[in-house]
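Hi,

Here is the structure I said I would pass on. Have a look at it first, and then read my notes below.

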Amino acid sequence: MCGICGVAGTGVVQEDREIFRQLLLVSSLRGIDSTGVAVLANDQIKIEKEVTSPSNFLQARDRKYSLMDNFGTDMMMGHARWATVGTVNPENAHPFETAKYVAAHNGTLVDYRFHQNDLTDSENLFNEMENRGICETLTDLSSSSAYAIQLYDKITGKLWLGHNKHRPLFIAQAEFGRVLYWASELEMLQLVLKRNGVYAVYKHLIPDLMYEIDITEINNEKLAPAPWITHKVPPKEIDIRPFNPKKAKKKDDNTVICSHCLKALSDQEAVNGYQWESAGKNMCICEPCMNHETQPKEKNVG
């Protein structure tokens, strides 16, 4: 569990930057292992992240009065990490930056391809998006993978927000403002905005849709999310889950059997594989069979 939050719009003022600080602070309820912030100001992106709680992160005087107080700010995204995959260090803190994107992720991905190196599953996700595209990557996820995503496209200048059924994401748009706010939990948004006297329209984004938002078009004449471009990103039908050797059907004390190629695997090899559910039965999959192009086209019922 992690917390994401942010503000965006051409009307961001000092009060909105203070709202962002408070959203980041309450996000500590969802994670304190590390904290990161990305700011878009004067067409430049700046990122700072540390292995510390949001409270300690915000106490740094130079950060408070430089990174988050630029009068040309159009977007601020924050992330409070609850570490699940990957070591707790500055490199694994969110947001991550690629050649095209600046992005942060809440959730855990079970798909094997995101666990093949020393990077976090989140960074591997964004690297794949860099090469394949945002929607192409998300539609190739197992339905057991969890995500809520905030992403800024440095090429197009668009903001992307979206989540699936496993992680929440809420937005709020000030009734008489040009600013959009978002956070992992509705209560977080309501608490902070009401505390600052902001009357807003609150909405829960529809799961399995990615919302592509033109920051310059956020205004009270276009209440979100009706005017936004949406992209359907349904998961794959096959539901792949992390392999559990304790539940695997064993041929003997030292081997398990791949359900697809019937190859005998040692316990250690099986740990590197996966298990999926079909018709209520647990089935082992070895690493070669994990290639999505060779998986059986069987509808998931797990």
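Let me start with a hairpin-style question of pairing: strand β7 (residues 148–153) and strand β8 (residues 158–163) run antiparallel to each other, with 5 bridges between them. If you want a spot to zoom in on, glutamine 150 sits opposite leucine 161 in β8. Do keep in mind that this is a predicted model.

From there you can walk across the sheet. On to the next pair: β8 and β12 are also antiparallel, joined over 6 bridges. Leucine 161 turns up again here, standing opposite tyrosine 211 in β12. After that, β12 pairs with β13, antiparallel once more, over 4 bridges. In that pair, methionine 210 has histidine 231 in β13 as its bridge partner.

Put together, these strands belong to an open sheet of 6 strands, in the order β5-β6-β7-β8-β12-β13, with antiparallel pairing. Which strands stand at the edges? They are β5 (96–97) and β13 (229–232); each has a single partner strand, so one side of each has no neighbour in the sheet. Strand β12 (residues 209–214) is worth a look for its burial: 5 of its 6 residues are buried, so the rest of the structure largely encloses this strand.

Next, the cavities. Searching the whole structure for cavities of 30 Å³ or more turns up 1, and the space in the largest cavity comes to about 70 Å³. What lines it? There are 12 lining residues, and those closest to the centre are Arg81, Thr84, His94, Asp121 and Ser122. By type, the lining divides into 6 polar, 4 nonpolar and 2 charged residues.

Last, the cysteines. A disulfide is a covalent bond between the sulfur atoms of two cysteines. How many disulfides does a search of the whole structure find? The count is 0. As for where two of the cysteines sit, cysteine 2 has a relative accessibility of 6% and so counts as buried, the cut-off being under 20%. Cysteine 5 is buried too, with a relative accessible area of 0%.

If you only have a few minutes, I would follow leucine 161, since this residue stands opposite glutamine 150 and also opposite tyrosine 211 in β12. Then go over to Arg81 and Asp121, which are among the residues closest to the centre of the largest cavity.

Cheers

Technical notes:
Residues numbered from 1 in each chain as written. Predicted model: local features only at pLDDT ≥ 70, side-chain atom pairs only at ≥ 80, totals over all residues. Heavy atoms only, no water. 1 Å grid on protein atoms, 1.4 Å probe; cavity = no way out; pocket = protein on both sides within 12 Å on 5 of 7 lines; lining within 4 Å. Points joined across faces, edges and corners; volume = space filled by probe spheres on them. Nonpolar A, V, L, I, M, F, W, Y, C, P; charged D, E, K, R; others polar. Disulfide = S-S within 2.5 Å. Buried < 20%, exposed > 50% of the residue type's maximum accessible area, 1.4 Å probe, protein only. Pairing = 2+ DSSP bridges. Helix = DSSP H or I, 4+ residues; strand = E, 2+ residues; numbered from the N terminus.
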